[in-house]
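Here are some notes for a colleague who is opening this structure for the first time. They are set out as numbered points, each of which can be followed in the viewer.

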Amino acid sequence: MSNSVLFEKIGRLPAPDDNAAIAIRRLEAGTTIRDRNRQFSLNSTVLEGHRFAVQPIAAGQPLLSWGLPFGIATRMILPGEYVCNSSTLAALRQRTLQAQLPAEPNFVDHIQPYRLNDAGFQPAEQLPLYPEPRTFWGYRRPGERGVGTRNFIVLLGVTSRAGGFVRQLEQHFAGETRPNLDGVVAAAHTEGSTPNPNNLDYLLRTLAGFIVHPNVGAVLIAGYNWEPVTPAMLHQFLIDHHYPLANVPHRFLSLSGSHADDMQQAKAIVRDWLAPVSDTPRTEESAAALKIALQCGGSDAFSGISGNPLAAWVAKEIIRCGGSANLAETPELIGAEPYVLAKVRNLDTARRFLERVERFQTLAAWHGASAEGNPSGGNKFRGLYNIVLKSIGAAMKRDPEVRLDYVIDYSELMPEPGYYLMDSPGLDLESVAGQVAAGCNLVFFITGNGSITNFPFVPTIKFVTTTARFELLRADMDVNAGAYLDGRPMAELAQETFELTLQVAAGQRTAGEKAGHAQVQIWRNWQQTEAGHAETLLNRPAPSGRPLVIKPAAPPVVQIDGYRTGRGIAFERLGLVLPTSLCSAQVAQLVADRLNRGPLAGQLARFVALPHTEGCTDANGPARELSVPTLLGYATHPAVQHCLLLEHGCEVTHNDFMAERLRQLGFAPDDFGWASIQLDGGIGATARKIEQWFAERLAAAPPPAVETVGLESLRLGLLASAPLPDSAAESLSLLARQVVQAGGAVVIPHNAALLESAAFLDATFDRRAVSPSLAYGQKIPATGLHVMDTPTAHWVETLTGLGATGVDVLLAFVGGQPLPGHPLLPLLQLAAAPTRTPVDFVFGNDVPADAAALLHLLAETASRRVTPRLQDVVDFQLTRGLLGISL
């Protein structure tokens, strides 16, 4: 019969006694499945990777996968029934699916409590080493640094504020090719710019690990000596913790404030390294020098069946050669403790693992979250219903024959050979950074959905769990682990992949390296350090949205050239490629750069991308309710004529999710472009789709007419990063009041030094107590003067939120230290006296004259006749607020 199939053709049981099977392809309702002496029919559509019962499961009985319980039946579940929990049904209903789904869930999640049997614990032995290990050609480093698989000059930003500097420096050396030099790359990140960061130890240890990494031929470490984390602080950390710094060609560069001078000096330093670093030869080395980072992202139900066991098998071979492997992502092992601890070196190692799990659970609870909330929408879409299923599959990156030797903290070095477990969040980019800092010189990245993550100076070999997804993303992937599901023996695949590993270690470029994109994300800072605050923060009343009452000021007549659009007056015409999550961020930037160089260049002012670090497992609850409105504020910003949203494909904030949020805001999703790296066939195909969409939109939409308007059409962002003289504060007050009196809008962030200035407060308000009228990133609902809530003191997070409110121009008093600008909006930087790096305006002591001059500068900037002086160094970062945390 046409709808009757053999079980072996459509399903897999991870363990023989499991009572729930995994569908290896989509199965339609009514399909009859024959297995041994029984047959049953499916009661609803079962998506690829999702589970259906193969045995009767009574109410109260466990559902089993890999022989471990992942849920408890809430009613009798008959063979052929789609097994599903409430969170997965909710995630599926956010997507556009042509599928007959169950109306109600039939099981609840269950984590079997684990108790370590101290008395009965038996230490395990590690596998014996091969007498003659395999070799590869690598870069032998002096001292204790090990052997590199690549040879890079690395440009390391100490803090997020130095990120723009090292990225700009990287561009100067783009395309630099010499024998044995793999490139000059920036390692920029988001951390270190907030006072007293709670992740300080993790940050310093990670940066230190980067500096001495064997893939680093030389490293320039750049930062500011006035920030919370300075180059001198990092230097001292390296000395105090005995990192082999003397064996690395390096320079610490304290950025002086003169951007041009700093850049010239940095270029000279790097230029002097090019020849000696490229003269470093590869030599034949034992595979014992390989340290493998075992990592997964965009996991699916097959990760634990094909991809992870294959990577584990190859890691086993590396360990038998005397090398090392590193498993991470602590919350993604919750529920898999019986497997993780089935073979352990000693009791202390087992205890350390359980302590790290408990510590992570406590940290999550302080933030009103649960470590068990890790699975993303993409995980659930591809069959990982809950943390237990995800964890059991993730734990398969340890081969059952391999012993767990050591448990280490985030970024802690791995001095001995063997199998390590490193404490880290489940956010793969943050986890990879810790593994690289620990010394890993190759990354095995296992993905079900098709994650395209790469690291700047360590090659990533990508394993895909199914053949269909591998074929869809062939140009961006390296290993088809799905061949195992198709019938190839695992041993044969493992030997082939082991050979590929040695070839990549010796210099063969991976798909990710050929694609030319990479990113760094260190375990992000968290705000809560004890219990008891989450509930209060969650229940804070929202700002009213009403403008504040201010003192009047007669506005002058000011003329500004704008554009009349369907959303009102705009002062710029931009094309925006908006990544919905961190994993599509760098691809969005690549595409925007390509558009700015291609045939569409000049039809808009420019194309912009807004790379950020949110949208995956960290995007739950309060953090998501900060990031999503902010991103949509940019999608609907007046300056953005055309916007396309780019998903990775497996994030919480996927395209369907964002489209529904746009509908709720009153926007038609069809007015925006939509692309998916995973579903549209990878980076190349997606880039072509995006280019075609913009070309069609521009051809169909004539440029808007230029219209001369006044201050009533201006939306101004006003902020200050440093205390300012009274006269400057009074000038800014006068300017703000004039804009508001004319009918315009002004938004001031709540953390601005302006609101700490008695002169500004007295000149602007009848009282000094000022509370936020807008949430972070909230669209301006009415003209007038608003104060935007700012959960942190981070400069870039503040700029990012301010831009999303809809302001057209940013005006910032920066004291004597110019700061990174905004990638989408003009930022005019002001000072009380001339600075080494010229700013856009220096105050005098004449309040009316300064206010008038600033209004003229604003009008000229909004009219696109004046460009801010510091427009090349920009940054963008969404806040996680006070309760956001990496899960």
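1. A good place to begin is the contact in which Ser727, Glu730, Ser731, Leu732, Leu734, Leu735, Gln738 and Val739 of helix α21 meet Val847, Pro848, Asp850, Ala851, Leu854, Leu855 and Leu858 of helix α24. Sorted by class, the residues of this contact comprise 10 nonpolar, 3 polar and 2 charged. Please keep in mind throughout that this is a predicted model.

2. The geometry of that pair can be stated as well: the axes of α21, which covers residues 726-741, and α24 come within 8 Å and cross at roughly 55°. The two helices are therefore oblique to each other, and the crossing of α21 and α24 is right-handed.

3. Staying with α24, which spans residues 847-862, one finds Glu860 within this helix. Is Glu860 buried or exposed? Its relative accessibility is 19%, and because the cut-off for a buried residue is under 20%, Glu860 counts as buried. Leaving aside residues up to four places away in sequence, Glu860 touches Arg865 and Val866.

4. In the segment after α24 lies Arg864, whose phi is near 70°, a positive value in a residue other than glycine. With a relative accessible area of 28%, Arg864 is partly exposed.

5. Glu329 also deserves a look, as phi of Glu329 is near 70°, again a positive value in a residue other than glycine. Glu329 sits in the loop between strand β18 (residues 324-327) and helix α8, and at 1% relative accessibility Glu329 counts as buried.

6. A second helix pair is formed by α3 (residues 163-172) and α6 (residues 259-278), whose axes come within 11 Å and cross at roughly 50°. These helices are therefore oblique to each other, and α3 passes α6 in a right-handed crossing. On the α3 side the contact involves Phe165, Gln168, Leu169 and His172, which meet His259, Asp262, Met263, Ala266, Lys267, Val270 and Arg271 in α6. By class, the contact of α3 with α6 has 5 nonpolar, 3 polar and 3 charged residues.

7. For a third pair, consider helix α18 (residues 621-635) and helix α19 (residues 655-664), where the axes come within 11 Å and cross at roughly 70°. How are α18 and α19 oriented, oblique or roughly perpendicular to each other? Angles of 65 to 115 degrees count as roughly perpendicular, and α18 and α19 are therefore roughly perpendicular to each other. The residues that make the contact are Arg624, Glu625, Val628, Leu631 and Leu632 of α18, together with Phe657, Met658, Arg661 and Leu662 of α19. This contact of α18 with α19 has 6 nonpolar, no polar and 3 charged residues.

8. Helix α18 appears again among the surroundings of helix α23 (residues 795-804), since the buried residues of α23 pack against α18 and against the strands β31 (715-720), β32 (745-749), β33 (784-788), β34 (809-813) and β35 (827-831). Of the 10 residues of α23, 10 are buried, so this helix is largely enclosed by the rest of the structure. Among the buried residues of α23 are Trp795, Glu797, Leu799 and Gly803. Just after α23, Gly806 takes a positive phi of about 110°.

9. Helix α9 (residues 347-366) has 20 residues and, from its first C-alpha to its last, reaches 29 Å, close to the 28 Å expected at 1.5 Å a residue. Which residues of α9 are buried? They are Leu347, Thr349, Ala350, Phe353, Arg356, Val357, Phe360, Leu363 and Ala364. An α-helix has 3.6 residues a turn, so residues three or four places apart point the same way. The elements that cover the buried residues of α9 include α8 (337-340), β19 (406-408) and β20 (418-422).

10. Finally, Ser65 is placed in strand β7 (residues 62-65) and, at 0% relative accessibility, counts as buried. Not counting residues up to four places away in sequence, Ser65 touches Pro14, Asp18, Arg51, Phe70, Leu389 and Ile392. Ser65 and Gly393 are 328 residues apart in sequence, while in space they are 9.5 Å apart, C-alpha to C-alpha.

Technical notes
Residues are numbered from 1 along each chain as its sequence is written. This is a predicted model: local features need pLDDT of at least 70, side-chain atom pairs count only at pLDDT 80 or more; totals for chains, interfaces and linings use all residues. Side-chain values use heavy atoms; hydrogens and water are left out. Axes are lines fitted to C-alpha atoms, for helices over the stretch in contact, and angles run from 0 to 180 degrees between N-to-C directions. Helices (H or I, at least four residues) and strands (E, at least two) are DSSP runs, numbered from the N terminus. Angles under 35 degrees count as roughly parallel, over 145 as roughly antiparallel, 65 to 115 as roughly perpendicular and the rest as oblique. A crossing is left-handed if the near helix is turned anticlockwise from the far one by less than a right angle, and right-handed if clockwise. Contact means heavy atoms within 4.5 Å. Ala, Val, Leu, Ile, Met, Phe, Trp, Tyr, Cys and Pro count as nonpolar, Asp, Glu, Lys and Arg as charged, and the others, Gly among them, as polar. The expected span of a helix is 1.5 Å times one less than its number of residues. Buried means under 20% relative accessible area, exposed over 50%, partly exposed in between (1.4 Å probe, protein chains only).
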